[in-house]
Amino acid sequence: MSDDLPRHEPREHLFDALVAPFQPTASQRQVGRLLLALIRIPGTLPLLRAWHTRRGRGH
């Protein structure tokens with residue numbers, strides 16, 4: 001490539017204001033880590049699926 005071409009440098013934090021509403025809270029991150037840990041235990045995935053299905057039905 002030629003050195004004559006202009007370079008576009010990345011701007012840090014350019015989209016921070018746009019993505020801020022979608023960032024998980026600390027408690028949501030903690031629950032996510034817990035769920036990932038539970039999935040690694042054999043036999044818990046069907047239990048989590050059943051719980052989620054039951055929870056979605058309004059029981």
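Exposed means over 50% relative accessible area, buried means under 20%, and partly exposed lies in between. Keep those cut-offs handy for the exercises below, which work through a predicted model.

**Exercise 1. The salt bridge**

Find out how many salt bridges the whole structure has, which residue pairs with E9, and whether E9 is buried or exposed.

*Solution.*
- Step 1: Start with the count. A search of the whole structure turns up 1 salt bridge.
- Step 2: Now the partners. E9 pairs with R7, and their closest N and O atoms sit 3.6 Å apart. The cut-off for a salt bridge is 4 Å, so this pair makes it.
- Step 3: Check the surroundings of E9. Its relative accessible area is 52%, so E9 is exposed.
- Step 4: Do likewise for R7. The value here is 71%, so R7 is exposed too.
- Step 5: As background, side chains of opposite charge can pair when their charged atoms come close.

**Exercise 2. H13 and its partner**

Work out what is unusual about the phi of H13, and which side chain H13 joins in a polar contact.

*Solution.*
- Step 1: Place the residue. H13 lies in the segment before α1, the helix that covers 16-19.
- Step 2: Look at the backbone. The phi of H13 is positive, about 65 degrees, even though H13 is not a glycine.
- Step 3: Check accessibility. With 58% relative accessibility, H13 is over the cut-off and therefore exposed.
- Step 4: Follow the side chain. H13 and D16 are joined through their side chains by a polar contact of 2.7 Å.
- Step 5: Locate D16, which belongs to helix α1. At 39% relative accessible area, D16 falls between the cut-offs and so counts as partly exposed.

**Exercise 3. A nonpolar patch**

Say which residues form the nonpolar patch on the surface, and whether L18 is buried or exposed.

*Solution.*
- Step 1: List the members: L14, F15, L18 and V19, which together have about 400 Å² of accessible area.
- Step 2: Zoom in on L18, which is part of helix α1.
- Step 3: L18 has 58% relative accessibility, so it counts as exposed.

**Exercise 4. Helix α3 and T44**

Compare the reach of helix α3 with what is expected, then say what the side chain of T44 reaches.

*Solution.*
- Step 1: Helix α3 spans residues 44-56, 13 in number, and runs 18 Å from first C-alpha to last, close to the expected 18 Å.
- Step 2: Cover is scarce, with a count of 1 buried residue among the 13 of α3.
- Step 3: T44 sits in helix α3, and its 15% relative accessibility is why T44 counts as buried.
- Step 4: The T44 side chain comes to 2.8 Å from the backbone oxygen of I41.
- Step 5: Setting aside neighbours within four places in sequence, T44 touches L38 and I39.

Notes:
Residues numbered from 1 in each chain as written. Predicted model: local features only at pLDDT ≥ 70, side-chain atom pairs only at ≥ 80, totals over all residues. Heavy atoms only, no water. Helix = DSSP H or I, 4+ residues; strand = E, 2+ residues; numbered from the N terminus. Expected span 1.5 Å × (residues − 1). Buried < 20%, exposed > 50% of the residue type's maximum accessible area, 1.4 Å probe, protein only. Patch = residues over 30% accessible without salt bridge, like charges linked within 9 Å, V, L, I, M, F, W, Y side chains within 5 Å. Areas by Shrake-Rupley, 256 points an atom, 1.4 Å probe, with all protein chains shown as cover. Salt bridge = Lys/Arg side-chain N within 4 Å of Asp/Glu carboxyl O. Polar contact = N/O pair within 3.5 Å; in protein donor to acceptor, adjacent residues only side chain to side chain. Contact = heavy atoms within 4.5 Å.
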